[in-house]
Amino acid sequence: MATNTKPWIATIYFYLISAVCIITLIIALVGGLMALYTLIDPESGLDKYEWKTYADSDEFKRTEANQEVMRTKSALTAPGDSTGKSVVYSEEEWQRRWTSHRATTIQAEKMGARRNLVNQLIIVIVCLPIFLIHWRFARKTTGIGREDGDNSIDKT
């Protein structure tokens with residue numbers, strides 16, 4: 001039976017896969033912590049454009065008015081009355097629409113954070129066994145952990 005004359009190749013492979021798994025686990029844990037923070041404070045995840053319409057009702061009005069103009073130009077039906085003229089919203093309607101926009105924006109941020117947290121958890125669940133298996137084989141190929149190959153410092 002042929003023996004492996006180059007055990008260092010297998011050792012390098014096992015340690016390399018173990019290192020990649022450790023780096024992946026660290027990245028996944030950082031991403032998971034960021035997702036947890038976004039769940040706790042969803043406003044912190046808003047980019048500057050979303051934040052403008054979220055924080056300022058006047059900016060929301062301007063943005064919505066511009067979107068209605070763009071819808072009209074692209075031949076989509078604009079909100080209108082029976083004569084086809086565009087509707088002018090009352091201040092109460094604008095406030096209701098802005099409040100709805102704010103709630104939807106926060107809900108979307110929380111949903112994205114939950115999805116990100118689940119993705120990071122899946123990465124950890126998949127990567128951890130791969131690391132453990134390769135780490136175990138790496139230690140076997142180097143002889144670490146066996147009675148005759150124990151090179152620990154605290155031997156007496």
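Hi everyone, let's start with Thr38, which lies in helix α1. Keep in mind that what you see here is a predicted model. Thr38 counts as buried, at 16% relative accessibility. Leaving aside residues up to four places away in sequence, Thr38 touches Glu109 and Ala113.

Let's stay with helix α1, which covers residues 7-40, and turn to the core. Which residues make up the largest nonpolar core? There are six of them: Cys21, Leu25, Ala28, Val124, Cys127 and Phe131. Helix α1 and helix α4, residues 91-142, each supply at least two residues of this core. Val124 is a nice one to click on: setting aside residues up to four places away in sequence, Val124 touches Leu25, Ala28, Leu29 and Pro129.

Now, two of those core residues are cysteines, Cys21 and Cys127, and I expect somebody will ask about a disulfide. How many disulfides are there? The count comes to zero. So why are Cys21 and Cys127 not bonded? The closest cysteine sulfur to that of Cys21 is the one in Cys127, and at 3.7 Å it is too far for a bond, because a disulfide needs the two sulfur atoms within 2.5 Å. Seen from the other side, Cys127 is in no disulfide either, and its nearest cysteine sulfur is that of Cys21. Both cysteines are buried: Cys21 has a relative accessible area of 5%, and Cys127 comes in at 8%.

Next, the surface of helix α1. Leu29, one of the residues that Val124 touches, is in helix α1. Is Leu29 buried or exposed? With a relative accessible area of 52%, Leu29 is exposed. Leu29 also pairs up nicely with Gln120 if you compare sequence and space: they are 91 residues apart in sequence, yet 7.0 Å apart from C-alpha to C-alpha. Then there is Val30, also found in helix α1, which is partly exposed at 43% relative accessible area. Val30 belongs to a nonpolar patch on the surface, together with Ile22, Ile26 and Met34. Together, the four have about 370 Å² of accessible area.

Let's move on to charges. Side chains of opposite charge can pair when their charged atoms come close. This structure holds four salt bridges, and I'll walk you through some of them.

Take Arg62 and Glu59 to begin with: their closest N and O atoms are 2.9 Å apart. Both sit in helix α3, residues 57-73, and because they are three residues apart there, about one helical turn separates them. Arg62 is partly exposed, with a relative accessible area of 45%, and Glu59 is partly exposed too, at 21%.

Lys61 and Glu91 also meet through their side chains in a salt bridge, at 2.9 Å from N to O. This pair links distant parts of the chain, with Lys61 in helix α3 and Glu91 in helix α4, 30 residues apart. Glu91 is partly exposed, at 47% relative accessible area.

Another salt bridge joins Arg97 and Glu64, at 3.0 Å from N to O. Arg97 lies in helix α4 and Glu64 in helix α3, so this pair ties together parts that are 33 residues apart in sequence. Where do these two sit, buried or exposed? Both Arg97 and Glu64 are buried.

That's my tour, thanks for listening!

Notes
Residues are numbered from 1 along each chain as its sequence is written. This is a predicted model: local features need pLDDT of at least 70, side-chain atom pairs count only at pLDDT 80 or more; totals for chains, interfaces and linings use all residues. Side-chain values use heavy atoms; hydrogens and water are left out. Buried means under 20% relative accessible area, exposed over 50%, partly exposed in between (1.4 Å probe, protein chains only). Patches are made of residues with over 30% relative accessible area and no salt bridge: like charges are joined within 9 Å, nonpolar side chains (Val, Leu, Ile, Met, Phe, Trp, Tyr) within 5 Å. Accessible areas come from the Shrake-Rupley method with a 1.4 Å probe; for residues, only the protein chains shown count as cover. Helices (H or I, at least four residues) and strands (E, at least two) are DSSP runs, numbered from the N terminus. Contact means heavy atoms within 4.5 Å. A nonpolar core is a set of buried Ala, Val, Leu, Ile, Met, Phe, Trp, Tyr and Cys residues joined through side-chain atoms within 4.5 Å.
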